[in-house]
Amino acid sequence: MSNPITQLGRATARRLSQLGALARFGFGAARASLALTRAGRAVALRVTLNQIRFTAVHAIGLVVLLSGILSFLVISQAVRELGQIGATDLIGTLMVVAIVRELGPLITALAIVGRSGTAIAAELATNKVMGEVRALEAMGIDPRQYLVLPRFIGAVASVFTLLVVFDIVALVAGFAAAAANGMTGNRYSEIVLQSLSAQDVWLTVGKAIAFGSIIGMVPSYFGLSVRRAPTEVPIAVSRATVTSIVGVFLTSALFVVIG
C-alpha cells in the first residue's frame, strides 16, 4: 500500500507539472501572436469577433437574470434586517463589497466557464481528433494563432463586458429592491456611492482580466492536449471545466489577500 504522504507528493508534483505546461502553453500563444501576418490578423480578428458574439452577446440574458435576482434578494433582505437596527448605511458596503467586488466577478466567470469554457474545450478537442490541427500544421500555420489567441482575447473581452453588465444590473436591481422596501432612491444612491472607491473599480477590472485569461487559456490547453481517440473529448472538457473553476476560485481568493 502506498504511503498517503507519498501519494500526496506525487499528486502535487503532477499538478505543478501541469501548471508549468499550462504556463508554457500561454507564453507560446503570446509569442505566436507576434508572428501574425496582415492576412493572419484579419482571420484572427474575425474568429475573435465570433467568439465575443458567442461568449458575451449570447450570454447577456443569463447574466442579467442572475445579477437581477441576486441583487434584488440580497438588498431586500439587507434593507429589512439592517433597518431594524438602524444600520442601513451598511447596505452600500454590502452592495459594493459583496456583490460588485466579490460575487459579481465570481458568478459571471462561473457562468462563462459553464457556457463557453466547455464549448471551447469541446470544439478544440474535436478539431484535434478530426485532424484539423494537424492540417494547419502541415500548411505551416501555427494553430495557436488561429485557434488559441482569438479565444483568449474573446474570453477576456467577454468577461469584462459581461461584468460591466452584471454590475449595472445589480445596482439597478438593488435600487428597485430598496424602493420596494421603503428606502428612498436618493438615500440608496447616496450610500452606495459613498461606499464605492477607485480601488473597487480597479479590483473589478483586474478580476475581469484574470478570470478571462483563465477561461480563454485553460479550456484551449486541455482541448488541444487530446491525442486521437474521440473518447478523450469529454475527458478534456471535464478537466478543463474543473481546472477553470478551481483557477477562478483561487484567483478570487488571491485578490482578497492582496486587496
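In the predicted model described here, Q145 touches A32, A35, L36, A44 and P150, residues up to four places away in sequence being left out of the count; a contact is defined by heavy atoms within 4.5 Å. Q145 belongs to helix α6, helices being DSSP runs of H or I with at least four residues and strands runs of E with at least two, both numbered from the N terminus. With a relative accessibility of 9%, Q145 counts as buried. Here, buried denotes a relative accessible area under 20%, exposed one over 50%, and partly exposed the range in between, for a 1.4 Å probe and protein chains only. P150 also appears among the contacts of T48, which touches P150, I153 and G154 under the exclusion of residues up to four places away in sequence. T48 is located in helix α2, residues 38–55, and is likewise classed as buried, at 7% relative accessibility.

The model is predicted, and local features require a pLDDT of at least 70, while side-chain atom pairs count only at pLDDT 80 or more and totals for chains, interfaces and linings use all residues. Residues are numbered from 1 along each chain as its sequence is written, and side-chain values rest on heavy atoms, with hydrogens and water left out.

At the level of the whole chain, the secondary structure consists of nine helices and zero strands, giving the sequential pattern α-α-α-α-α-α-α-α-α. Along the principal axes, the C-alpha atoms fill a box of roughly 70 × 55 × 30 Å. The chain has 259 residues, of which 43% count as buried. Of the contacts between residues at least 6 apart in sequence, 86% join residues at least 24 apart. The accessible surface amounts to about 13500 Å², and 68% of this surface belongs to carbon and sulfur atoms; accessible areas were obtained by the Shrake-Rupley method with a 1.4 Å probe, and for residues only the protein chains shown count as cover.

Four salt bridges are present in the structure, a salt bridge being a side-chain nitrogen of Lys or Arg within 4 Å of a carboxyl oxygen of Asp or Glu. One of them joins the side chains of K207 and E102, with an N to O distance of 3.0 Å. This pair links distant parts of the chain, as K207 lies in helix α8 (residues 198–223) and E102 in helix α4, 105 residues apart. K207 is buried, its relative accessible area being 1%. A further salt bridge is formed by E123 and R151, whose closest N and O atoms are 3.0 Å apart. Distant parts of the chain are again linked, with E123 in helix α4 and R151 in helix α6 (residues 143–180), 28 residues apart. Within this pair, E123 is partly exposed at a relative accessible area of 37%, whereas R151 counts as buried at 5% relative accessibility.

The salt bridge between the side chains of E190 and R187 has an N to O distance of 3.8 Å. Both residues lie in helix α7 (residues 185–195), three residues apart, about one turn of the helix. E190 is partly exposed, with a relative accessible area of 39%, and R187 is also partly exposed, with a value of 28%.

A search of the whole structure identified one cavity of 30 Å³ or more, and the volume of the largest cavity is about 30 Å³. On a 1 Å grid over the protein atoms alone, a cavity is a set of points where a 1.4 Å probe fits but cannot get out, and lining residues have an atom within 4 Å of a point. Grid points are joined across faces, edges and corners, and the volume is the space filled by probe spheres set on the points. The lining of the largest cavity comprises T55, A59, L62, V63, A111, I112, R115, S116 and L162. Helices α3 (60–84) and α4 (90–129) each supply at least two lining residues, and the largest share, four residues, comes from α4. By class, the lining contains six nonpolar residues, two polar and one charged, where Ala, Val, Leu, Ile, Met, Phe, Trp, Tyr, Cys and Pro count as nonpolar, Asp, Glu, Lys and Arg as charged, and the others, Gly among them, as polar.

M130 is placed in the loop between α4 and α5 (132–138). M130 is exposed, with a relative accessible area of 61%. The C-alpha atoms of M130 and R227 are separated by 9.9 Å, although the two residues are 97 residues apart along the chain.

Methods:
On a 1 Å grid over the protein atoms alone, a cavity is a set of points where a 1.4 Å probe fits but cannot get out, and a pocket is an open set with protein on both sides within 12 Å along at least five of seven lines; lining residues have an atom within 4 Å of a point.
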